[in-house]
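Biologist: Please take me through this model one region at a time, and spell out the reasoning behind each answer.

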Amino acid sequence: QSGVAAPRDAARIFAAATAAGDAEQIAALYAPDALLIIPGVAPISGREAIKAVFRRNFSLGRNSIGFSRIVADTGADRAAVYWEWTSEIVAASGAVQKAGGRSLVYFRKDGSNWLISADMAQIGPAR
């Protein structure tokens, strides 16, 4: 099943799927035509391309992400969620790569579920 019952639920599902290395479950949070906007690269367009980004990240080692602040503004069929996050990738060699940042995530309602239609991240130092 695609999407979430409420936009705030996406952070919990995102964290669990990241810990499990489940790119399919993360991709299911996104609309088929979603945009992922991250610094340093052209916008990534579409659920399949977004899934490929997470598969690549998961191939680098054990991933985790945590959310420290989540603020949601939800209307009848659109919502914006701001969240702050920290992530970590632990390679098989034991090398650790940490990042942190904040994202503005835009959702639209699709039937009874919410899907991410645009996810714009700003990456900064890990906290």
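**Residues and their surroundings**

Biologist: Which residues does Ile70 touch, not counting residues up to four places away in sequence?

Modeller: With contact meaning heavy atoms within 4.5 Å, and with residues up to four places away in sequence set aside, Ile70 touches Arg8, Ala11, Val81, Tyr82 and Trp83. This is a predicted model, in which local features need pLDDT of at least 70 and side-chain atom pairs count only at pLDDT 80 or more, although totals for chains, interfaces and linings use all residues. Residues are numbered from 1 along each chain as its sequence is written, and side-chain values use heavy atoms, leaving out hydrogens and water. The partners asked for are therefore Arg8, Ala11, Val81, Tyr82 and Trp83.

Biologist: Is Ile70 buried, partly exposed or exposed?

Modeller: Ile70 lies in strand β3, where helices (H or I, at least four residues) and strands (E, at least two) are DSSP runs numbered from the N terminus. Buried means under 20% relative accessible area and exposed over 50%, with partly exposed in between (1.4 Å probe, protein chains only). Because its relative accessibility is 25%, Ile70 counts as partly exposed.

Biologist: How far apart in space are the C-alpha atoms of Ile70 and Ile13?

Modeller: Along the sequence, Ile70 and Ile13 are 57 residues apart. In space, their C-alpha separation is 13 Å.

Biologist: Which backbone oxygens does the side chain of Asn63 reach?

Modeller: Asn63 is placed in strand β3, residues 62–74, and it is buried because its relative accessible area is 10%. A polar contact is a pair of N or O atoms within 3.5 Å; within protein, one must be able to donate a hydrogen and the other to accept it, and residues adjacent in sequence count only if both atoms are side-chain atoms. The side chain of Asn63 comes to 3.1 Å from one such oxygen and places a polar atom 2.7 Å from another. These oxygens belong, in that order, to Asn57 and Gly61.

Biologist: Where does Asn57 sit, and is it buried or exposed?

Modeller: Asn57 is in helix α3, which covers residues 47–59. Its side chain makes a polar contact of 3.1 Å with the side chain of Arg56, and beyond four places in sequence Asn57 touches Asn63 and Ile89. Because its relative accessibility is 19%, this residue of α3 counts as buried.

Biologist: What does Asn63 contact, leaving aside its neighbours within four places in sequence?

Modeller: Asn57 is one of its partners, and the touch is listed from the side of Asn57 as well. The full set for Asn63 is Thr18, Ala19, Asn57, Phe58, Glu88 and Ile89.

Biologist: How accessible is Ile26, and what does it touch?

Modeller: Ile26 belongs to helix α2, residues 23–27, and its C-alpha atom is 14 Å from that of Arg8, 18 residues away along the chain. Because its relative accessibility is 0%, Ile26 counts as buried. Apart from residues up to four places away in sequence, it touches Phe14, Ala17, Thr18, Phe54 and Phe58.

Biologist: How far is Asp22 from Phe58, C-alpha to C-alpha?

Modeller: Asp22 is found in the loop between α1 and α2, and it counts as partly exposed because its relative accessibility is 28%. Its contacts, leaving aside neighbours within four places in sequence, are Ala17 and Phe58. Although Asp22 and Phe58 are 36 residues apart in sequence, their C-alpha separation is 8.3 Å.

Biologist: Which element gives the most to the largest nonpolar core?

Modeller: A nonpolar core is a set of buried Ala, Val, Leu, Ile, Met, Phe, Trp, Tyr and Cys residues joined through side-chain atoms within 4.5 Å. The largest has 29 residues, of which Tyr30, Phe54 and Phe107 touch the most other members. Among the elements that each supply at least two residues are α2, α3 and β5 (96–110). The one that gives the most, with 5 residues, is α1.

Biologist: What is the angle between the planes of Phe14 and Phe67?

Modeller: Rings of Phe, Tyr and Trp (its six-membered ring) pair if their centres lie within 6.5 Å, with planes under 30 degrees apart counted as stacked, over 60 as edge-to-face and the rest as tilted. The whole structure holds 5 aromatic pairs, including the edge-to-face pair of Phe14 and Phe67, 6.1 Å centre to centre. Phe14 in helix α1 and Phe67 in strand β3 are 53 residues apart, and ring pairs link both with Phe54, Phe58 and Trp83 into a cluster. The angle between the planes of Phe14 and Phe67 is 90°.
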